[in-house]
Amino acid sequence: MAQILVLGAGVTGLTTAMLLARDGHDVTVLERDPTSAPTRSEAAWTSWARDGVAQFRQLHVMLPRWRAVMAAELPEVLDALRAAGGRAANALHARPVAQTGGWQRGDERFDVLTARRPVLEAAVAATAQASAGVAVRRGVRVMGLLTVDSGVVPRVMGVRTGAGEITADLVVDAGGRRSVVDRWMAEAGGQPPREERADSGFAYYSRHYRAADGRLPDGRDAWLTHQDSVCAIMLPADNGTWAVGLTVASRDRELRALRHVAVWEAAVRGYPAARHWIDAEPITDVAVMGGIDDRRREFVLDGVPVVTGLVAVGDAWACTNPSLGRGLSLGAMHAVVLRDVLAAVGVADPASLVLRFAAETDARVGPYLEATLSFDRHRLAEMEAAAVGSVYRPDDPGWAMTCALWAGARQDPVLARTLATIGSVLATPAEAVADPVLVERLMPHMGRTHLAPGADRAELVATVRASARRAA
Ligand SMILES: Cc1cc2nc3c(=O)[nH]c(=O)nc-3n(C[C@H](O)[C@H](O)[C@H](O)COP(=O)(O)OP(=O)(O)OC[C@H]3O[C@@H](n4cnc5c(N)ncnc54)[C@H](O)[C@@H]3O)c2cc1C
């Protein structure tokens, strides 16, 4: 069995560590942030300092795929999350009965157990802490890689940290969006991974709320709805809380005033699916996050690994604009891929491990990533077109089908389930609409708007300007 270092005690790093330790590996997790997870959920939310995760207090939901992976692989994480006040909900039945046709057998596949991000992370950390074979060292910042020249490509033998050098048979980068493993590889004299990186073009404006009776507002549409210039997101969370967010094109200067509470509230009131979600006690101001990159790293170029002894999981491998809420699900799936590959290949042949992991990553996680990027590119183009008064009509049948599915999901319970299957990361769009009968069902909705009812661009801008003037 191998000595494994996991860089980063985020949700994916800890999940990876637990899965590998369960297979008998000796796993040490190194985390730059010094503070341990508080045991009380409210303390995790209010006072856990996690500078290493920029989105720590942004809105999050753990989608059904995340719950399914945890139920199959690490059910004790779900137990810990329930004990911490995690909320059980259903991603399909966020919609009203008029859209879903009521509960049907099999709808439990859309179940979620969800929480505010710090509460989730504290539950995962507590479970990891209690796991045999996992040691979590907080306050240890990784600063570089220890490598040897293996003749063809560098072989990573461990890491340099503020607390000295640590060797291992395998290093797993789980350092998140801001992982700089490419720089470390260059500093070690190796070739960095091939990186595709671009500003995703989205910005987030979110707030958390709490109801005295803990009850979630009634669902009038999906948790994510699209308008011409914004996405409105309404997400259940733990202990009587939930989050409401608006996602906008970051280049849309008109909407930057959404950072002001009064402007944000006035804007949310324009959307019937969202407006009643803010009739509760706000527990935050508007949390703003921009500068969100889409980034993907390839560690195998032309069939040859650029490095051995090192792999990357979760956001350290690939991250996207998060409005589809997939990062944690993809991270959990990716951790399982690594566990499976390591069980099949071991660490004795480090090149085979990197090659096989890259191939399995592309096959099992890659299609979801590509579908996410494709959706985002269309949505951003659509929002940016609205901002300049035009309508986005690309020559792409895939986007036309996607819009038909969003439109049809409001009227046809079968299509609502198809969309929920895709949204829950239970199938890719290609898999979910492979059945010709489904394609037939989509036909009546082709060309119909997929946008949810509510303020259009002109009304939104008028509201934002008026409330910004009042707030000034
Ligand atoms: C605004 C926003 C909203 C989102 N909403 C959702 C959502 O609703 N649902 C969802 O599934 N996903 C969502 N995501 C994505 C989700 O947050 C990420 O996919 C997830 O955090 C990735 O987990 P990770 O463990 O890979 O990385 P991270 O959570 O980023 O963890 C990385 C860890 O590595 C540590 N680290 C970094 N560098 C070093 C170093 N040199 N040495 C030691 N430690 C280091 C960091 O401190 C951190 O603890 C959202 C993201 C954003 C930006």
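Which residues of helix α3 (residues 64-73) are buried? They are Pro64, Trp66, Val69 and Met70, and the first legend below starts from them.

A few ground rules. This is a predicted model, in which local features need pLDDT of at least 70 and side-chain atom pairs count only at pLDDT 80 or more, while totals for chains, interfaces and linings use all residues. Residues are numbered from 1 along each chain as its sequence is written, and side-chain values use heavy atoms, with hydrogens and water left out.

**Figure 1. Helix α3 and what covers its buried residues.** Pro64, Trp66, Val69 and Met70 are the buried residues here; buried means under 20% relative accessible area, exposed over 50%, and partly exposed in between, with a 1.4 Å probe and protein chains only. Their cover includes α1 (11-22), α4 (75-83), β4 (111-114), α6 (117-129) and α9 (327-345). Helix and strand names follow DSSP runs numbered from the N terminus: helices are H or I with at least four residues, strands are E with at least two.

**Figure 2. Serine 329 in helix α9.** Where does serine 329 end up, buried or exposed? Serine 329 is buried, because its relative accessible area is 1%. Setting aside residues up to four places away in sequence, serine 329 touches Leu63, Arg65, Trp66 and Val425, where a contact means heavy atoms within 4.5 Å. Trp66 is also one of the buried residues of α3, and Val425 comes back in the last legend.

**Figure 3. The β6-β7 hairpin and its sheet.** Strand β6 (residues 142-149) and strand β7 (residues 154-161) pair in the antiparallel sense over seven bridges; two strands pair if DSSP finds at least two bridges between them. Leucine 145 stands opposite valine 159 in β7, and glycine 144 has arginine 160 of β7 as its bridge partner. Four residues separate the two strands of the hairpin, and glycine 151 in the turn has a positive phi of about 105°. Zoom out and you get an open sheet of three strands in the order β6-β7-β8, with antiparallel pairing. The edge strands are β6 and β8 (164-167), each pairing on one side only. On average, neighbouring strands of this sheet are turned by 35° against each other, direction ignored; the axes are lines fitted to C-alpha atoms, for helices over the stretch in contact, and angles run from 0 to 180 degrees between N-to-C directions.

**Figure 4. A second open sheet, β10-β17-β21.** Three strands with antiparallel pairing make up this one. At the edges stand β10 (194-199) and β21 (318-319); each has a single partner strand, so one side of each is left without a neighbour in the sheet. How many bridges join β10 to strand β17 (residues 293-298)? Six do, and the two strands run antiparallel. Alanine 198 has aspartate 294 in β17 as its bridge partner.

**Figure 5. Aromatic rings, with an arginine on top.** Searching the whole structure turns up five aromatic pairs. Tryptophan 48 and phenylalanine 56 form an edge-to-face pair, 5.4 Å centre to centre and 85° between the planes. For the bookkeeping, rings of Phe, Tyr and Trp (its six-membered ring) pair if their centres lie within 6.5 Å; planes under 30 degrees apart count as stacked, over 60 as edge-to-face and the rest as tilted. Tryptophan 48 and phenylalanine 56 are both buried. The charged end of arginine 50 sits over the ring of tryptophan 48, 5.5 Å from its centre. Arginine 50 also lies over the face of phenylalanine 56, at 5.6 Å from the ring centre. A charge sits over a ring if NZ of Lys or CZ of Arg is within 6 Å of the ring centre and within 35 degrees of the ring normal. Elsewhere, ring pairs link Phe375, Trp399 and Trp406 into a cluster.

**Figure 6. Two loop residues with positive phi.** Most residues other than glycine have a negative phi. Aspartate 302 has a phi near 50° and lies in the loop between β18 (300-301) and β19 (304-305). Aspartate 302 is exposed, with a relative accessible area of 77%. Valine 425 has a positive phi of about 65° and is found in the loop between α13 (413-423) and α14 (429-432). At 0% relative accessibility, valine 425 counts as buried.
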